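Me: I should be grateful for a close look at a single part of this structure, with its surroundings described in a connected way.

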Amino acid sequence: MAGNWKTRTKLVHQGSRRSQYGEMAEAIFLTQGFAYESAESAEARFLEAGDDEFIYARYGNPTTRMFEERIAGLEGTEDAFATASGMAAVNGALVSMLRAGDHVVSARALFGSCLYILENVLTRYGVRVTFVDGADLDQWRAAVTPGTKAVFFESMSNPTLELVDIAAVSQIAHAAGALVIVDNVFATPVFSRAVEQGADVVVYSATKHIDGQGRALGGVICGTRDFIRKVAEPYLKHTGAAMSPFTAWIMLNGMATLDLRCRAMADSALSVAQALEGHPQVTRLIYPGLASHPQHALAMAQMGSGGTLVTFEVAGGKEGAFRFMNALEIAKISNNLGDAKTIATHPATTTHQRLPQDQKDRLGITPGLIRLSVGLEDAGDLIADLMQALDAI
């Protein structure tokens with residue numbers, strides 16, 4: 001039955017479990033362990049736990065399992081494993097499947113912590129990593145070889161909103177026998193069709209749109225049952241990356257309004273981008289939902305939306321960017337995204353600060369660049385705030 005449900009129904013009901021009390025709201029099972037009826041039943045569960053049997057909270061929990069089943073149902077995968085943060089999900093998806101001597105091809109336009117895992121962690125253990133320009137399919141074709149174990153990319157890059165063609169890169173990777181791992185945070189689970197387009201594994205920072213209200217850290221890996229339970233889970237449960245039941249409960253509640261929030265935020269993001277286009281103090285505007293964006297057609301085919309973030313460069317470099325941000329009254333200065341509150345971020349000095357200048361230059365992370373995560377405020381109020389802040393430059 002659940003397989004036929006539409007998105008909003010899945011977001012409210014899929015994966016629900018009820019105790020003997022028949023509670024309406026999902027219960028928080030705040031327990032680190034579980035009691036067994038007998039020594040024999042404990043032995044049997046450790047040999048093979050059933051779908052609704054639990055051993056230890058680091059391995060699984062009823063509340064966490066509800067969240068995993070709900071996000072897997074939405075994403076269109078067989079299973080999911082919830083983690084303590086988005087970076088635990090990225091690290092778990094990659095490290096659990098790779099061994100010394102393996103080869104990974106990755107887009108170079110990545111969040112700083114993702115780059116750290118690829119450049120510093122994986123290479124430390126003998127994994128070879130090749131970086132390519134994510135939008136250049138010829139570079140993917142040249143880099144992916146029959147010995148490549150996995151490809152990794154953000155479907156929409158942070159912070160310059162460059163799209164990777166999921167279907168095309170998946171075709172290249174699968175022809176070589178490689179697994180496709182997609183960090184899909186900017187696309188959101190609402191606009192994502194990554195699995196349908198060829199992705200094997202999808203990771204999210206649930207901290208972003210899934211929670212959507214700045215309350216909790218969390219992450220999730222979505223994939224086949226074999227990948228989740230035979231590859232990712234053994235690594236994650238033994239290294240302690242599990243999501244807490246309380247966080248899972250927060251995420252479950254966030255998911256009920258996920259579709260409504262993301263669509264409202266994307267509508268406002270388009271309005272903001274249209275208002276910024278052509279402004280004399282905006283020297284570069286990046287929003288895939290605009291027809292003027294060079295990847296607009298791909299964004300519409302891949303997501304059906306331009307997303308919830310708008311990136312733009314203001315005149316005056318770092319000083320101009322800081323004057324603009326300090327003049328904002330509604331939008332908040334922070335480094336998160338996907339929140340109900342609009343957030344302005346200066347990537348060059350925060351999220352991507354550790355990158356060498358030549359790498360920032362190559363990725364287009366200039367001193368005047370602002371990443372705006374559009375929230376749920378009235379779009380007119382938000383645009384007025386941005387306009388008065390631009391006047392302060």
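Which residue stands opposite Leu372 in β12? Please take that strand as the starting point and work outwards from there.

Reply: Ala344 stands opposite Leu372 in β12. The model is a predicted one, and what follows should be read with that in mind.

The pairing of Ala344 belongs to the contact between β11 and β12, two strands that run antiparallel and are joined by three bridges. On β12 the residues alternate in direction: Leu369, Arg371 and Ser373 point one way, while Ile370 and Leu372 point the other way. Both groups are buried, and β12 is accordingly described as mostly covered, with five of its five residues buried.

β12 also pairs with β9. Strand β9 (residues 309-314) and strand β12 (residues 369-373) run antiparallel and are joined by five bridges. Within this pair, Glu313 stands opposite Leu369, and Phe312 stands opposite Ile370.

These strands belong to an open sheet of five, in the order β8-β9-β12-β11-β10, with mixed pairing. Its edge strands are β8 (282-286) and β10 (332-333), each of which pairs on one side only.

Two helices are in contact with this sheet. Helix α11 lies across β8, β9 and β12 and runs at about 20° to β9. Helix α13 (residues 317-327) packs on the sheet as well, touching β9, β10, β11 (343-345) and β12, and its direction makes about 130° with that of β9.

Helix α11 deserves further attention. It comprises 19 residues (258-276), which at 1.5 Å a residue should span 27 Å; the end C-alpha atoms are 26 Å apart, so the two values agree. Among its buried residues are Leu258, Cys262, Met265, Ala269, Val272 and Leu276. An α-helix has 3.6 residues a turn, so residues three or four places apart point the same way. The buried set of α11 also includes Asp259 and Arg261. Just after the helix, Gly278 takes a positive phi of about 90°.

Helix α11 further helps to cover helix α10, since the elements over the buried residues of α10 include α1 (7-13), α3 and α11. Helix α10 (residues 245-255) is mostly covered, with eight of its eleven residues buried; Pro245, Ile250, Leu252 and Met255 are among them.

Through α3, the description reaches the largest pocket. Six residues of the lining come from α3, the largest share. The pocket holds about 820 Å³ of space and is lined by 33 residues, of which Ala49, Gly50, Glu53, Arg229 and Glu233 lie nearest its centre. The elements that give two or more residues to this lining are α2 (39-47), α3 (62-75), β1 and α9 (225-239).

Strand β1 in turn leads to another sheet. Seven strands form this open sheet in the order β1-β7-β6-β5-β4-β2-β3, with mixed pairing. β1 (79-83) and β3 (128-132) stand at its edges with a single partner strand each, so one side of each is left without a neighbour in the sheet. Neighbouring strands here are turned by 20° against each other on average, direction ignored. Within the sheet, β4 (residues 148-154) and β5 (residues 179-183) run parallel and are joined by five bridges, and Val180 in β5 is the bridge partner of Val151. Helix α7 (residues 166-175) packs on the sheet, touching β4 and β5, and its direction makes about 170° with that of β4.

Terms used. Residues numbered from 1 in each chain as written. Predicted model: local features only at pLDDT ≥ 70, side-chain atom pairs only at ≥ 80, totals over all residues. Heavy atoms only, no water. Pairing = 2+ DSSP bridges. Helix = DSSP H or I, 4+ residues; strand = E, 2+ residues; numbered from the N terminus. Axes fitted to C-alpha atoms, helices over the stretch in contact; angles between N-to-C directions. Contact = heavy atoms within 4.5 Å. Expected span 1.5 Å × (residues − 1). Buried < 20%, exposed > 50% of the residue type's maximum accessible area, 1.4 Å probe, protein only. 1 Å grid on protein atoms, 1.4 Å probe; cavity = no way out; pocket = protein on both sides within 12 Å on 5 of 7 lines; lining within 4 Å. Points joined across faces, edges and corners; volume = space filled by probe spheres on them.
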